[in-house]
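Open your viewer, and keep the selection box handy. We will go from stop to stop, with something to pick out at each one.

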Amino acid sequence: MKTVSRLGGWAVSALLSALLAAYPANRLTAQSDTVRAAALRIAQTHPDSARAMIRRLVARLSPQDSLYPGALFTAGRIAADATTAATSLQRVVVEYGRSVWADSALVLLTQLYFAQGDPAATVQAAERLRLDYPDSPLKARADFWGARAYFDLKDDVHGCGLIQEALNGAGADVEFKNQVVFYASRCSPLGSGTPAPAPPPAPGDSQTKATTYAVQVLAVKSAAQVDEMLTRLKVMGFDARVVRDTSGLFKVRVGRYATHDEAVQAQKRLKTRLGGQPFVVVEES
């Protein structure tokens with residue numbers, strides 16, 4: 001699957017700098033270690049020096065240290081290119097999903113994916129934040145980027161639903177609210193001030209428990225292997241995601257199929273293209 005980037009390579013650093021400057025600072029107080037705080041200040045004027053500071057910090061910390069996910073998140077925020085940024089932010093989401101940085105990482109991922117011209121990945125990140133962190137104060141930001149991605153995919157039903165959520169969660173941020181209202185104009189009930197219905201569930205989700213099928217292609221403890229497999233599947237056009245259970249393994253799965261036969265057909269395609277032993281699993285959602 002080929003996507004068209006919204007940004008040339010020369011503009012990636014500018015994008016990341018803009019995210020650094022515009023991103024809400026409330027999470028910076030969650031873990032206020034001196035090195036990260038200093039790196040964020042220095043990144044405004046001397047980004048290379050700030051990146052070197054964070055690389056040393058990440059190398060010095062143990063992955064079990066409570067400060068580690070914050071250091072990874074900061075590495076993603078000040079990275080020199082979008083690929084490096086996404087890798088660090090994805091690690092925060094996958095490996096430290098219960099940390100205070102996970103929802104923040106997902107918001108930045110929605111912005112990066114959208115800027116790269118990948119609406120499907122944008123939607124996936126936004127919906128993951130909605131489902132996994134429904135009480136996050138950052139949900140409105142993810143809703144906004146998810147809505148824009150849905151509009152690009154010609155799915156105005158889900159797009160307008162997320163725009164309504166973004167409006168409801170905009171709070172006192174006038175600039176952000178104005179951005180949301182601009183895109184709300186394409187959803188006539190929102191533009192006229194009439195309350196819109198609650199957003200429909202994300203594609204593949206259900207309000208009640210339902211049995212669906214997926215194809216599992218990998219189960220490992222290494223986040224690096226997970227990132228590599230997700231990238232390969234994405235390039236091939238498969239809708240891949242990561243599931244983690246009590247075993248501690250990262251399980252890469254493809255699809256949410258309504259019938260076993262559909263899952264079997266996907267399993268055959270995956271085996272042909274990837275090799276290995278992909279197999280069908282039953283999921284309840």
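What share of the contacts in the protein with a separation of 6 or more comes from residues 24 or more positions apart? Such residues account for 63% of those contacts, where contact means heavy atoms within 4.5 Å.

Before we move on, two notes on what you are looking at. This is a predicted model, in which local features need pLDDT of at least 70 and side-chain atom pairs count only at pLDDT 80 or more, while totals for chains, interfaces and linings use all residues. Residues are numbered from 1 along each chain as its sequence is written, and side-chain values use heavy atoms, with hydrogens and water left out.

**The whole protein**

Start with a cartoon view. The protein has 13 helices and 4 strands; these are DSSP runs numbered from the N terminus, with helices being H or I runs of at least four residues and strands E runs of at least two. Now switch on the surface. About 14,500 Å² is exposed, and carbon and sulfur atoms supply 55% of it; the areas come from the Shrake-Rupley method with a 1.4 Å probe, and for residues only the protein chains shown count as cover. Of the 285 residues, 48% are buried. Here buried means under 20% relative accessible area, exposed means over 50%, and partly exposed lies in between (1.4 Å probe, protein chains only).

**Stop 1: the largest nonpolar core**

Select Phe 73, Leu 89, Leu 106 and Leu 109. In the largest nonpolar core, which has 35 residues, these four touch the most other members. A nonpolar core is a set of buried Ala, Val, Leu, Ile, Met, Phe, Trp, Tyr and Cys residues joined through side-chain atoms within 4.5 Å. Colour helix 3 (47–60), helix 4 (68–77), helix 5 (82–95), helix 6 (102–115) and helix 7 (119–132), as each supplies at least two residues of this core. Helix 6 gives the most, with 8 residues.

Now centre on Leu 89. Apart from neighbours within four places in sequence, Leu 89 is in contact with Phe 73, Gly 76, Ala 105, Leu 108, Leu 109 and Leu 112. A second, separate core has 20 residues, among them Val 215, Phe 250, Val 252 and Tyr 257. In soluble globular proteins, nonpolar side chains tend to be buried together.

**Stop 2: a loop residue, Val 100**

Look in the loop between helix 5 and helix 6 for Val 100. Val 100 counts as partly exposed because its relative accessibility is 39%. Try a distance label from Val 100 to Ser 136: the two are 36 residues apart in sequence, and 9.8 Å apart C-alpha to C-alpha.

**Stop 3: helix 8**

Select residues 139–152. Is helix 8 largely enclosed or left open? It is largely enclosed by the rest of the structure, because 12 of its 14 residues are buried. The buried residues include Lys 139, Asp 143, Trp 145 and Arg 148. To see what they pack against, show helix 6, helix 7, helix 9 (156–169) and helix 10 (174–184).

Next, step to Lys 154, in the loop between helix 8 and helix 9. Lys 154 has a positive phi of about 65 degrees although it is not a glycine. Most residues other than glycine have a negative phi. Lys 154 counts as exposed because its relative accessible area is 72%.

**Stop 4: the strands**

Bring up strand 3 (residues 250–257), where 7 of the 8 residues are buried. Strand 1 (residues 211–220) pairs with strand 3 in the antiparallel sense over 6 bridges; strands pair if DSSP finds at least two bridges between them. Along this pairing, Tyr 213 has Tyr 257 as its bridge partner. Strand 2 (residues 240–244) also runs antiparallel to strand 3, joined by 5 bridges, and Arg 241 stands opposite Arg 253 of strand 3.

Then pick Lys 221, in the loop between strand 1 and helix 12 (223–236). Lys 221 counts as exposed because its relative accessibility is 67%. Beyond its neighbours within four places in sequence, Lys 221 is in contact with Leu 249 and Phe 250.

**Stop 5: helix 13**

Finish by selecting residues 260–274, which form helix 13. Ala 263, Val 264, Ala 266, Leu 270 and Leu 274 are buried here. Look down the axis: the buried residues fall within an arc of 165 degrees, so they line one face of the helix. That arc is taken over the directions from the helix axis to the C-beta atoms. On the face turned away from the buried side, find the exposed residues Asp 261 and Thr 272. Gly 275 follows helix 13, with a positive phi near 80 degrees.

Technical notes. The expected span of a helix is 1.5 Å times one less than its number of residues.
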